[in-house]
Amino acid sequence: MAVSLPMESNPDTMNKYLQKLGVSDKWRMVDVIGLEGEALQWVPRPVLAVVLLFPLSEAYEKHRTEEEKELQEKNVPPPKDLFHLKQVLSNVCGTIALVHSVANNINNIDISDGLLKNYLTEAKGLDASAKGALLENSTAILEAYKEIARSEDEPGETEEHVNNHFVTFIHKDGGLYELDGRKSFAVNHGNTTPETLLEDAAKVCRQFIAREPDNIGFTVVALVPAS
């Protein structure tokens, strides 16, 4: 079984990792410096995915439990081609967030032959749990991040970041979906479009922050064109 390092919400490191996995350098992660108004206008378009890093807490766990129960009762299936995988290993949520970002946008993003393309090919037809188990056994994908983190002496290796968690927001079939490796289901947050994904995801990110009024440990990045 592979052992993963916790990831920093650092666009430069994320971009090096994505390229090492075979993702075209025509796309990159950038910081979203604010979640309202003019700050959102500075983010290049189109936005393919929004990734939120937030602190795990009792408030989050309570909300997650209630949300999963509600989704289970509704039993509304997600779009068939939505890619959602369950987290098996600890500290791998950053990698999962990036995989969710790319895998749900493969019609827009070129992926060269290599680690990620092989994983996505093998994951076709698997359920979320099986996708997670496959990633657990994809040692080379996790080792690729370790190599980058060690070469940069990334502070993500310290224990203080282990209690943070990444989730991804993407547009699929007119819906805004939250993809979280710790949740059994993709969460539909209502309608969105490719043009309004960032603004609509920002609203949900602000809800995360509102549940933690005394915590400042939130960062947001977005997957956007490189130029």
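The following paragraphs go through a predicted model, beginning with its sheet and ending with a serine ahead of helix 1.

The sheet is open and has 6 strands, arranged in the order 1-6-2-3-4-5 with antiparallel pairing. Its edges are strand 1 (27-31) and strand 5 (187-191); each has a single partner strand, so one side of each is left without a neighbour in the sheet. On average, and with direction ignored, neighbouring strands are turned by 25 degrees against each other.

At one edge, strand 1 runs antiparallel to strand 6 (residues 219-225), and 5 bridges join the two. Within this pair, Trp27 has Pro225 of strand 6 as its bridge partner.

Helix 8 packs on the sheet and touches strand 2 (49-55), strand 3 (164-172), strand 4 (175-179), strand 5 and strand 6. The direction of helix 8 makes about 145 degrees with that of strand 3. Helix 8 covers residues 197-210, which is 14 residues. From first C-alpha to last it reaches 20 Å, close to the 20 Å expected at 1.5 Å a residue. Its buried residues are Leu197, Leu198, Asp200, Ala201, Ala202, Val204, Cys205 and Phe208. Asp200 is thus listed as buried together with residues such as Leu198 and Phe208.

Strand 3 is mostly covered, with 8 of its 9 residues buried. Strand 3 runs antiparallel to strand 2, to which 6 bridges join it; in this pairing Leu52 stands opposite Val167 of strand 3. Strand 4 is also antiparallel to strand 3, and 5 bridges join these two. Lys172 has Gly175 of strand 4 as its bridge partner. Strand 3 and strand 4 form a hairpin with 2 residues between them, and Asp173 in the turn has a positive phi of about 50 degrees.

Strand 3 also holds one of the annotated positions, His165. An unreviewed UniProt entry places the feature "active site" at Cys93 and His165. These positions are spread over 73 residues of sequence, yet they cluster in space, the largest C-alpha distance being 6.3 Å. Cys93 belongs to helix 4 (residues 93-103).

How accessible are the two annotated residues? Cys93 has a relative accessible area of 9% and is therefore buried, the cut-off being under 20%. His165 counts as buried too, at 2% relative accessibility. Leaving out residues up to four places away in sequence, Cys93 touches Gln87, Asn164, His165 and Phe166. With the same exclusion, the contacts of His165 are Leu52, Leu53, Phe54, Leu56, Tyr60, Gln87, Cys93, Asp180 and Arg182. Gln87 thus appears among the contacts of Cys93 and among those of His165.

The last site is Ser9, in the segment before helix 1 (11-21). Ser9 has a relative accessible area of 17%; buried means under 20%, so Ser9 falls in that class. Its side chain makes a polar contact of 3.0 Å with the side chain of Thr219. Not counting residues up to four places away in sequence, Ser9 touches Met14, Asp31, Leu53, Phe166, Thr219 and Val221. Among these contacts, Leu53 is also touched by His165, and Phe166 is also touched by Cys93.

Key. Residues are numbered from 1 along each chain as its sequence is written. This is a predicted model: local features need pLDDT of at least 70, side-chain atom pairs count only at pLDDT 80 or more; totals for chains, interfaces and linings use all residues. Side-chain values use heavy atoms; hydrogens and water are left out. Helices (H or I, at least four residues) and strands (E, at least two) are DSSP runs, numbered from the N terminus. Buried means under 20% relative accessible area, exposed over 50%, partly exposed in between (1.4 Å probe, protein chains only). A polar contact is a pair of N or O atoms within 3.5 Å; within protein, one must be able to donate a hydrogen and the other to accept it, and residues adjacent in sequence count only if both atoms are side-chain atoms. Contact means heavy atoms within 4.5 Å. The expected span of a helix is 1.5 Å times one less than its number of residues. Two strands pair if DSSP finds at least two bridges between them. Axes are lines fitted to C-alpha atoms, for helices over the stretch in contact, and angles run from 0 to 180 degrees between N-to-C directions. UniProt positions are given in the numbering used here, feature names are shortened, and annotations may be inferred rather than shown by experiment.
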